[in-house]
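Work through the exercises below with the sequence and the model side by side, and compare each result with the solution that follows it.

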Amino acid sequence: MTQTLDRDELRRLFDLRSSYNAHSGGGFTDDPYPIWHELRERAPVHEGIVHELTGYPGEAMFQGLPFPDRPHFSAFSFEACDAAFRDPEVFVSAPLDEAVDPDDVGVTNSMLSMGGTQHRRYRALVQPSFVPARARWWIDNWIEQTVHLLIDSFAGDGHAELNVDFAAAIPVLTITGSFGVSVDQALVIRESLMREPMKVVEILMPVVAARREHPADDLISVLVDAEYTDDDGVSHRLSDPEIYSFAFLILAAGSGTTWKQMGITLAALLERPDVLAAVRDDRQLVRAAIEESLRWMPTDPMFSRHVARELEFHGVEIPQGSVLHLCLGAANRDPARWERPDEYDITRRPKPALAFGNGPHVCLGMHVARAEMSVGINALLDRLPNLRLDPDAEPPRYIGMYERGATAIPVVFG
């Protein structure tokens with residue numbers, strides 16, 4: 001499997017500083033947390049956009065941007081961000097004047113942009129494949145094989161780069177594998193998703209057609225077989241464009257976030273050899289290490305909601321039609337909720353954080369993401385004795401504005 005992956009291409013596509021990722025602020029190298037702390041201490045909600053309030057020079061694109069003709073506000077406290085996630089009637093996931101067209105293929109025409117009954121109906125179709133009880137289905141079919149084949153490619157070398165050469169490839173191959181797509185098309189899909197989405201459709205079209213004739217044990221077959229009942233009580237199967245949009249959403253949401261979060265977790269552990277040793281000796285701590293990284297540094301530190309009606313929100317008057325940006329990075333380090341919030345501490349008492357959001361739109365694939373990270377970290381600890389950062393190489397740094405992650409993670413072992 002891994003022999004067909006072009007590592008130079010992987011590095012190009014998954015380098016946060018590359019032109020591919022520059023649109024979301026990939027060139028941002030400062031630590032945003034001191035400014036986010038200051039903003040949160042001054043007020044839970046501010047007028048303006050997160051990256052502008054942070055002092056990022058230039059434009060940055062992400063969910064909820066740019067909408068230049070709308071008022072923008074940003075929330076920085078846990079209480080404010082959590083309240084917005086939990087009130088989908090006021091804080092909606094798509095602009096009020098933009099309807100979702102299920103026949104128009106794209107991430108923005110998936111359930112990501114749906115609300116109310118329509119969102120519940122579509123989410124219910126695919127939710128059963130992403131519940132915790134189905135994690136073993138993902139692990140046995142795709143995750144475990146991918147993880148070990150990747151480690152096979154460098155286990156005998158005594159050194160490796162774990163971010164792009166390991167963490168980045170796992171979710172891409174997991175997702176495309178669950179589509180029944182060949183490995184040699186995985187990177188084509190990754191690059192084409194944002195630039196030439198119809199290329200992805202061209203790859204998926206024969207797969208969907210084949211699964212309609214002969215279902216298999218994969219996610220496309222689940223979608224092909226799914227039925228929903230409309231408001232008139234009539235049953236429908238998903239159309240091909242609806243399946244493509246589901247696939248786009250899963251690719252966009254899963255192929256980038258999981259690898260960056262796994263890289264953050266690995267870097268945090270490797271920077272703290274005593275913590276890494278504790279996790280190696282007690283594998284029940286792997287989950288704590290992952291959960292703490294999700295709190296400490298979520299790879300997507302901002303998501304946005306559109307305001308359905310005028311209201312006062314945490315002391316700020318917000319007009320209808322505004323965009324409210326939820327700075328999850330700041331919320332997850334709110335000292336009103338966590339002691340010593342800037343510390344990466346896997347022994348702290350667990351409390352729900354907001355890395356995966358909350359409310360009806362909580363991340364669909366969060367349990368698959370956790371499974372990918374857990375299997376990956378456990379396999380590294382099992383197979384690479386005395387794993388440690390390469391003392392002769394530049395250590396990893398955390399960069400990025402709206403898609404944060406670690407730079408290269410060079411390690412030695414043996």
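**Exercise 1.** Determine how the radius of gyration of the chain stands against the value for a compact globule.

Solution. The radius of gyration is taken over C-alpha atoms, and the globule rule is 2.2 Å times the number of residues to the power 0.38. For 414 residues a compact globule would have a value near 22 Å, and because the chain has 21 Å, the two agree. Along the principal axes, the C-alpha atoms fill a box of roughly 60 × 60 × 35 Å. This is a predicted model, in which local features need pLDDT of at least 70 and side-chain atom pairs count only at pLDDT 80 or more, while totals for chains, interfaces and linings use all residues. Residues are numbered from 1 along each chain as its sequence is written, and side-chain values use heavy atoms, without hydrogens and water.

**Exercise 2.** Find what percentage of the residues is buried, and what share of the contacts joins residues 24 or more positions apart.

Solution. Of the 414 residues, 56% are buried (under 20% relative accessible area, 1.4 Å probe, protein chains only). Among contacts (heavy atoms within 4.5 Å) with a separation of 6 or more, 74% link residues 24 or more positions apart.

**Exercise 3.** Establish the strand order of the open sheet of 3 strands.

Solution. The order is β4-β14-β11 with antiparallel pairing, where strands are DSSP runs (E, at least two residues) numbered from the N terminus and pairing requires at least two bridges. The edge strands, β4 (159-161) and β11 (388-389), each pair on one side only. Between β4 and β14 (residues 410-412) there are 3 antiparallel bridges, and alanine 160 has valine 411 of β14 as its bridge partner.

Conventions. Buried means under 20% relative accessible area, exposed over 50%, partly exposed in between (1.4 Å probe, protein chains only). Helices (H or I, at least four residues) and strands (E, at least two) are DSSP runs, numbered from the N terminus.
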